[in-house]
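Good morning, colleagues. Please take a moment with the sequence and the structure before I begin.

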Amino acid sequence: MGLFDFFKKDKESKEQQESLDKGLEKSKTSFFDQLSKAVVGKSKVDEEVLDDLEGVLVHADVGIDTTVKVIKRIEDRVARDKFVSTSELDRILREEIAELLSENNSGSAVLDRSDMGAYSGPFVIMVVGVNGVGKTTTIGKLAHRFHSAGKKVVLGAADTFRAAAVDQLIVWGQRVGVPVISHGMNTDPASVAYDAVQKGVEMQADVVIIDTAGRLHNKVNLMNELSKIKRVMQKVIPDAPHEVLLVLDGSTGQNAFLQAKEFTRATEVSALAITKLDGTAKGGVVIGISDQFNIPVRYIGVGEKMTDLQLFDRHTFVNSLFSKK
């Protein structure tokens, strides 16, 4: 790496950190306002402080079950260390939550598909999620991310039940500079996926990203459609898709949990992208969903810019979320 490349990379890293801090501003402000009230006048972490902290975490949409895990971890620390001051609480929170996220590989080092070379053909990502969560936009930003890294990318517009989804993906393809395979609205989604994967093989692409329907008439139809898309892609690449990425809107809080439950029943979700964290004070939803569904978080959306879909790093995220300004 040359000197210019080093400084460029350092600048990009700082810009991403600033975007993350800004994107999580509402969450961290809300969290520390409540945490300050919970520990005011207290010098040590006791049962009352833990009860109040439990309420703070639940309010941040970490979720009941995950909150109980976090509180138990802190209780164990207090019991072991005999005395834990309230001034240490945010540091302990960061450590315990980062450890919790590590248990399902959220923020692990291979998340930006550096392992693509392990596959004989294109790395195929099937993207799922309900309408309105930012699914198609996330695909566009993913395409930009891979394309900027020098990867050959093909997009498949297989959400054929919404004209807006097909048109939007075509616009993203033009914007990023990557081909989009589309048969238009009300066509067979599996046929689109097949042609997109076939195109990826022909042009020796590194990545093929397939958009899918956000919602069908019922869960059975959704499950059948996603299964059909998988089967058809496997006629071209037997182990496709290599990743099923579920996109969730972080600003919906508990609704995101319900969506995760629906899609994990409909298909084998292997990774999460959580969007719109800049518009909510509920940033804790990232922690809760990853923990409860035991699915790693791959990406988080913290703004409108193309570069605001960030590769999730558990330590950076937790430090930003639980650090005072």
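Let me start with Asp-51, in what is a predicted model. Is this residue buried, exposed, or something in between? Asp-51 counts as partly exposed, because its relative accessibility is 47%, and the range for that class runs from 20% to 50%. The residue lies in helix 3.

Asp-51 also belongs to a group. On the surface there is a patch of negative charge, formed by Glu-47, Asp-51, Asp-52, Glu-54 and Glu-75. Which element gives the most to this patch? That is helix 3, spanning residues 47-59, which supplies four residues.

I now turn to a charged residue in another setting, Lys-141. Its place is in helix 6, residues 135-148. Lys-141 is buried, yet it has no salt bridge. The nearest side chain of opposite charge belongs to Glu-304, at 5.3 Å. If we set aside the neighbours within four places in sequence, Lys-141 is in contact with Trp-172, Gly-303, Glu-304, Lys-305, Met-306 and Leu-309.

Finally, the protein as a whole. Its secondary structure consists of 12 helices and eight strands. Of the 325 residues, 52% are buried. How much accessible surface does the protein have? The total is about 14,700 Å², and carbon and sulfur atoms account for 50% of it. As for contacts between residues at least 6 apart in sequence, 77% of them join residues at least 24 apart.

Thank you for your attention.

Definitions and conventions:
Residues numbered from 1 in each chain as written. Predicted model: local features only at pLDDT ≥ 70, side-chain atom pairs only at ≥ 80, totals over all residues. Heavy atoms only, no water. Helix = DSSP H or I, 4+ residues; strand = E, 2+ residues; numbered from the N terminus. Buried < 20%, exposed > 50% of the residue type's maximum accessible area, 1.4 Å probe, protein only. Contact = heavy atoms within 4.5 Å. Areas by Shrake-Rupley, 256 points an atom, 1.4 Å probe, with all protein chains shown as cover. Patch = residues over 30% accessible without salt bridge, like charges linked within 9 Å, V, L, I, M, F, W, Y side chains within 5 Å. Salt bridge = Lys/Arg side-chain N within 4 Å of Asp/Glu carboxyl O. Lys, Arg positive; Asp, Glu negative; His and termini not counted. Charge placed at Lys NZ, Arg CZ, Asp CG, Glu CD.
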